[in-house]
Amino acid sequence: MAVRIERAAVLGAGVMGAGIAAHLANAGIETILLDLPVRELSPADQAAGLALGDPRLRGRVAAQAVQAALKSRPAAFFTPRDAALITVGDLDADLARLADVDLVIEAVVERLDVKQQVFAQVAEQVGPDTIVASNTSGLSVAALAGVLPEDLRRRFLVLHFFNPPRYLRLLEIVPGPDTAPEVIEAATEFGERALGKGVVVAKDTPNFIANRIGTLAFCEALHRLPESGCDVTTVDRLTGPLIGRPRSATFRTADLVGLDVLLHVCANLHERLPDDPYRDRFVPPGFVNTMVERGLLGAKTDAGFYRKEKHDGRSVILGLDPVSLEYALQEPATFESVAAAKAAPSVGARIAGLVAADDGAGRLLWQLLSVTLDYAARCVPEISDDLPSVDRAMRWGFGWELGPFELWDALGPKAVVERMQGEGRAPAPLVADLLSSGRESFYAAGATGVTVFGPAGGPAVSVPPRDRVLDLSGCARSGGLIAGHADASLIDIGDDVACLAFHSKMNTITEGVAELLAGCVGIVEERFRGLVIGNDGDDFCAGANLMMVLGAARQGAFDQVERMVGGFQQINQALRFCRRPVVVVPRGRTLGGGVEITLHGDAACASAETYMGLVEVGVGLIPAGGGCKELLRRVDEMLPHDLELDLLPFVQRMFEVVGMARVSTSAREAQDMGLLRRTDRVVMNVEHGLHEAKSLVLALDATGYTPPRERRDIRVIGEPGFAALRAGLYNMAAGGLLAPYDAVLGEALAKVLCGGELTRGGRVSEQYLLDLEREAFLSLAGDERTQARMQHLLETGKPLRN
């Protein structure tokens, strides 16, 4: 069968179904969203004379789901325009439309009988090559496929998305007993490339991989909570970012998911795993059942493990006491081990220090993590024959920084087993086999790659490279490190292409990063075909190191501030005029100076999940690394030069984007904002960005790359535009819509974007605009109000308005 997925249908327009449909639309897939027909008329329907079954009611439930998705936060769509790719209908009247789609995804209620009924109807409508999938989170694939004809069973599998589908990377693919290999391959390719997912192929076992292990970890926390001496706030403080887990940690995550949903998963696992050694842990403690009886289900009922209330006119979050089931303001307990662990160089070292501590935090974390590690080891090879797949599932689906076998290695399998044996617990067979083999860890890295212990007890096997994933650490480990230090590295990534990667805290532009940026251009021009600037972290670059700027400004060392700003401008200009192509790979948070570096590249390969913004006004400054200059240059080059055009609307647009410190919610929105070109690539899979950028560098070089020349004729609007923007600022300030110092910042920004106070505008050079940026930055940096804003952001992580 030829497999090509261009049109899809989603059956069921609940939260998951609508979210899946939205993400299919994000990927450019025309999607049909079907749900149940209207069952009850509203007063407005009755007043309009409508009756059930009226064609005007068709698709209303699905249409309302699309509208809810458009309003959801975080945004389900990359841009609101993407919703136009979704058409709606009813399950009872529109199933015939499935004949024209390439993929059907069922997302109805999690009941085997209901899903089987839907699939029996679907089987009568789909074409001979259509792939049919269920989004079940844990029902038997074989049982679901049992109602399908033999030919369709070859095209049936589970595509298990995690909520919200746009943001959580994991896609578990679970084949049935008859699923054709080419269908699994096509679904994997579609998930990875079109949808940007991290795909893991799982076995047909209860709740597959991630929910099986993650639910056990949650249940263990439930059982330990009453006896731990810790409140829910303290447990969440210990089980969140401190140990490389999401900020929602344990009980906030439960509130977000819904306690009823979690208990449904627990019940499914308890019922379907009669021989599981941890089966009893899937039975929740009594206080949880009482919570359900009282309707304390989490965010959906405005109360769960937490409840928000108004106290003295402000919102406060109260935590639940599991014994009294009363809510109270909870202050997380403090522990010496937690304070000491923050100095650890890595999350693995931090966890090792914590579980070794003889205090409440250390004992609780050891209890929780040791059970999770033991359970994960006992689930292999039942849930998967591939340890990396288990680790990836937990990283991509639950946001764990370290998967269970990566954490085993961080703590040391031998040390963990010895401690467990001291407590009377025998190690899992997989771990016993590991230690008896003479290996000291599940993974081992060498010059030729990484090997992993085989769960079948055989020899260690190589971890194969993943298609279109460029491994920077592997390149450096195999002799590709050209230059580097703690904050940045220049790495040979093969085919005569170099990559400059930041790895400072939040990838900020430290002195070390700036030094390597400045030095890499000459190296690349002499030895390489081109340069990629990017990394494999969560974020590309959070901007300048504000501590350096603030310290120099407060000391009155403005010559030092000017050197920093001027030096960064020169670096970006050197990147722009490099004699080899430069491609930048923004991903995640790309702010301030990170945007300016991106603007100076020849092209960008941006992750779809790129959140870009020139946010300097939030700390009382303006972009001064060439960002304003590049925005003006791009507008000038976009517009025809043989016409007299009014530049004011374009300048106003730039002024709003920069002056309001807008941050895009996606790379597509960044294109709308002018921070990315329309020609820049948007890569759905964040892990493919470096590979795509390298390919683009080679393509630019192969076609005879010619570097740009400095522009000396950029059109600017001058005093007329400056006056118009100042008038707008004055009116906003007079109306109380603008803080006084924001008006000062707005005027400084307006002056730069208008090209200064030239009487009737004119044409200026790039250097002229850089000088304007630098002068405005220095003037603002000396203001105590700007310094207060920088200090506030450094201390709280939030901008200050004054």
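Pro381 is found in the loop between helices H15 and H16 of this predicted model. The peptide bond that leads into Pro381 from Val380 is cis, with omega near 10°. A second cis peptide bond joins Arg73 and Pro74, where omega is about 5°. Pro74 belongs to the loop between helix H3 (60-71) and strand E3 (86-90). In general, most peptide bonds are trans, and most residues other than glycine have a negative phi.

The backbone also has residues with positive phi. Asn207 is not a glycine, yet its phi is positive, at about 60°. This residue sits in the loop between strand E8 (198-201) and helix H8. Is Asn207 buried or exposed? Asn207 has a relative accessibility of 1% and therefore counts as buried, the cut-off for that class being under 20%. Asp495, likewise a residue other than glycine, has a positive phi near 60°. Its place is in the loop between strand E16 (488-492) and strand E17 (497-502).

The loop that holds Asn207 leads to H8, and the loop that holds Pro381 borders H15. These two helices pack against each other. Two packed helices are described by the angle between their axes and the distance between the axes. For H8 (residues 210-228) and H15, the angle is about 150° and the axes are 10 Å apart. How are H8 and H15 oriented to each other? Because angles over 145 degrees count as roughly antiparallel, H8 and H15 are placed in that class. The crossing in which H8 passes H15 is right-handed. On the side of H8, the contact is made by Arg212, Ile213, Leu216, Ala217, Glu220, Ala221, Arg224 and Ser228. H15 contributes Leu364, Gln367, Leu368, Val371, Thr372, Tyr375 and Ala376. By class, the residues of this contact comprise 9 nonpolar, 3 polar and 3 charged.

H15 also takes part in the surroundings of helix H17. In H17 (residues 404-411), the buried residues are Pro404, Phe405, Leu407, Trp408 and Leu411. Viewed down the axis of H17, these residues fall within an arc of 155°, and so they line one face of the helix. What covers the buried residues of H17? Their cover includes helices H14 (347-355), H15 (360-378), H16 (387-398), H18 (413-422) and H19 (429-436), together with strand E12 (443-446). Just after H17 comes Gly412, which takes a positive phi of about 90°.

A similar question of sidedness can be put to helix H22. Which residues of H22 (residues 546-554) are buried? They are Leu546, Val549, Leu550, Ala552 and Ala553. Because these residues cover an arc of only 170° around the axis, they are on the same side of H22. The buried residues of H22 pack against helix H23 (558-576), helix H31 (766-781) and helix H32 (784-796).

The last residue to consider is Lys71, which lies in helix H3. Lys71 has a relative accessible area of 66% and is therefore exposed, as that class begins over 50%. How far apart are the C-alpha atoms of Lys71 and Gln570? The two residues are 499 residues apart along the chain, and their C-alpha atoms are separated by 43 Å.

Terms used:
Residues are numbered from 1 along each chain as its sequence is written. This is a predicted model: local features need pLDDT of at least 70, side-chain atom pairs count only at pLDDT 80 or more; totals for chains, interfaces and linings use all residues. Side-chain values use heavy atoms; hydrogens and water are left out. Buried means under 20% relative accessible area, exposed over 50%, partly exposed in between (1.4 Å probe, protein chains only). Helices (H or I, at least four residues) and strands (E, at least two) are DSSP runs, numbered from the N terminus. The arc is that of the directions from the helix axis to the C-beta atoms. Contact means heavy atoms within 4.5 Å. Axes are lines fitted to C-alpha atoms, for helices over the stretch in contact, and angles run from 0 to 180 degrees between N-to-C directions. Angles under 35 degrees count as roughly parallel, over 145 as roughly antiparallel, 65 to 115 as roughly perpendicular and the rest as oblique. A crossing is left-handed if the near helix is turned anticlockwise from the far one by less than a right angle, and right-handed if clockwise. Ala, Val, Leu, Ile, Met, Phe, Trp, Tyr, Cys and Pro count as nonpolar, Asp, Glu, Lys and Arg as charged, and the others, Gly among them, as polar.
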